[in-house]
Amino acid sequence: MRPWVVGGFLCCMVLSAYAGEPASGLLDPPVIKLSLDGKPAYSLDRAALAAFPRTTVKTAANGEPQSAWQGVALEDIVERVCVASGDSLYGRALARFVRVTAANGAQVVFSAAELAPDYGKTEVILADTKDGKPLEQGAPFRLVVPGDKRTDRWISHVTAIEVVDASTP
Ligand SMILES: Nc1nc2c(c(=O)[nH]1)N[C@H]1C(S)=C(S)[C@@H](COP(=O)(O)O)O[C@H]1N2
Ligand SMILES: [Mo]
């Protein structure tokens, strides 16, 4: 085989290894994939999230004392792909839901209207700090849902946020 063929082949192998899903670990770049109706919209890393307004909520996780969780309102992130700024949800968009996925495959959903300020206005924070300290390196983003009576939707190590149209023809 000619050397450039071998070189090209090795290059392809390396590139495809990088294109694959990263295994969870300390070296993962903390990135959340944001998509609308199956189409990737944004990759949110810490820098991209820093451009959103920050919000703090004091609430207690399972059996723990109160903590100050800080991060970005899920609604602010969703709004960026769902509606023009300042516009309200209406029509078919009322059949949308937001699915949040964690690295271990855990998934939770909120309806778009459950989050929207003109409807349910449910507070859901994509938290990245707790009591002023970053969340663990391997799991830097966690949902905090202070209004839920259980903490089951507080999923850790969030990796994807998808806005999905659940309407039928
Ligand atoms: N990624 C992920 N997050 C998760 C879960 C899970 O299985 N995977 N379990 C949830 C459940 S059922 C509960 S009760 C809380 C527990 O949070 P804690 O470990 O801070 O008490 O985490 C939630 N977050
Ligand atoms: Mo739980």
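Me: Is Asp128 buried or exposed in this model?
Reply: Happy to start there, keeping in mind that this is a predicted model. Asp128 has a relative accessible area of 8%, and the cut-off for burial is under 20%. Asp128 therefore counts as buried.

Me: Where does Asp128 sit, and which side chain does the side chain of Asp128 touch in a polar contact of 2.8 Å?
Reply: Asp128 belongs to strand β7, which covers residues 125-130. From there its side chain makes a polar contact of 2.8 Å. The partner is the side chain of Arg54.

Me: How many helices and strands does the protein chain have?
Reply: Reading along the sequence, you meet them in the pattern α-β-β-α-β-β-α-β-β-α-β-β-β-β. Of the 169 residues in the chain, 35% are buried. The count for the protein chain is 4 helices and 10 strands.

Me: Which residue in the turn between β1 and β2 has a positive phi?
Reply: Strand β1 (residues 31-36) pairs with strand β2 (residues 39-45) in the antiparallel sense, over 6 bridges. One of the matched pairs is Ser35 with Pro40. The two strands form a hairpin with 2 residues between them. The turn residue with a positive phi, about 45 degrees, is Asp37.

Me: Is Asp37 buried, exposed or partly exposed?
Reply: Asp37 is not a glycine, yet its phi is positive. Its relative accessible area is 31%, and values from 20% to 50% fall in the middle class. Asp37 is therefore partly exposed.

Me: What about His157: is His157 buried or exposed?
Reply: His157 also has a positive phi, about 55 degrees, although it is not a glycine. You will find His157 in the loop between β9 and β10. With a relative accessibility of 16%, His157 counts as buried.

Me: Which side chains of strand β6 point to the buried face?
Reply: In a regular strand the side chains alternate between the two faces of the sheet. Strand β6 (residues 107-111) shows this alternation, with Gln107, Val109 and Ser111 pointing to one face and not being buried. The buried side chains on the other face are Val108 and Phe110.

Me: Which residue of the hairpin of β5 and β6 takes a positive phi near 95 degrees?
Reply: Strand β5 (residues 96-102) pairs with β6 in the antiparallel sense over 5 bridges. In this pairing, Val100 stands opposite Val108. The hairpin has 4 residues between the strands. The residue with the positive phi is Gly105.

Me: How far apart in sequence are the parts tied together by the aromatic pair of Trp69 and Trp154?
Reply: The count of aromatic pairs comes to 1. Trp69 and Trp154 meet edge-to-face, 5.7 Å centre to centre and with 90 degrees between the planes. Trp69 lies in strand β4 and Trp154 in the loop between β9 and β10, so the parts tied together are apart in sequence by 85 residues. As for their surroundings, both Trp69 and Trp154 are buried.

Me: What share of the area of ligand 1 does the protein bury?
Reply: The residues around ligand 1 include Asn62, Arg142, Trp154 and Ser156. An oxygen atom of ligand 1 is 2.9 Å from a side-chain N or O atom of Arg142, while backbone N or O atoms of Trp154 and Ser156 each lie 3.0 Å from a nitrogen atom of the ligand. Taken alone, ligand 1 exposes 530 Å², and the share buried by the protein is 60%.

Me: How many residues of each class form the shell around ligand 1?
Reply: Among the shell residues are Ala102, Thr151 and Asp152. Sorted by class, the shell has 4 nonpolar, 4 polar and 2 charged residues.

Note on methods
Residues numbered from 1 in each chain as written. Chains lettered and ligands numbered in written order. Predicted model: local features only at pLDDT ≥ 70, side-chain atom pairs only at ≥ 80, totals over all residues. Heavy atoms only, no water. Buried < 20%, exposed > 50% of the residue type's maximum accessible area, 1.4 Å probe, protein only. Pairing = 2+ DSSP bridges. Phe/Tyr/Trp six-rings, centres within 6.5 Å; stacked < 30°, edge-to-face > 60°. Near = heavy atom within 4 Å. Polar contact = N/O pair within 3.5 Å; in protein donor to acceptor, adjacent residues only side chain to side chain. Areas by Shrake-Rupley, 256 points an atom, 1.4 Å probe, with all protein chains shown as cover. Nonpolar A, V, L, I, M, F, W, Y, C, P; charged D, E, K, R; others polar.
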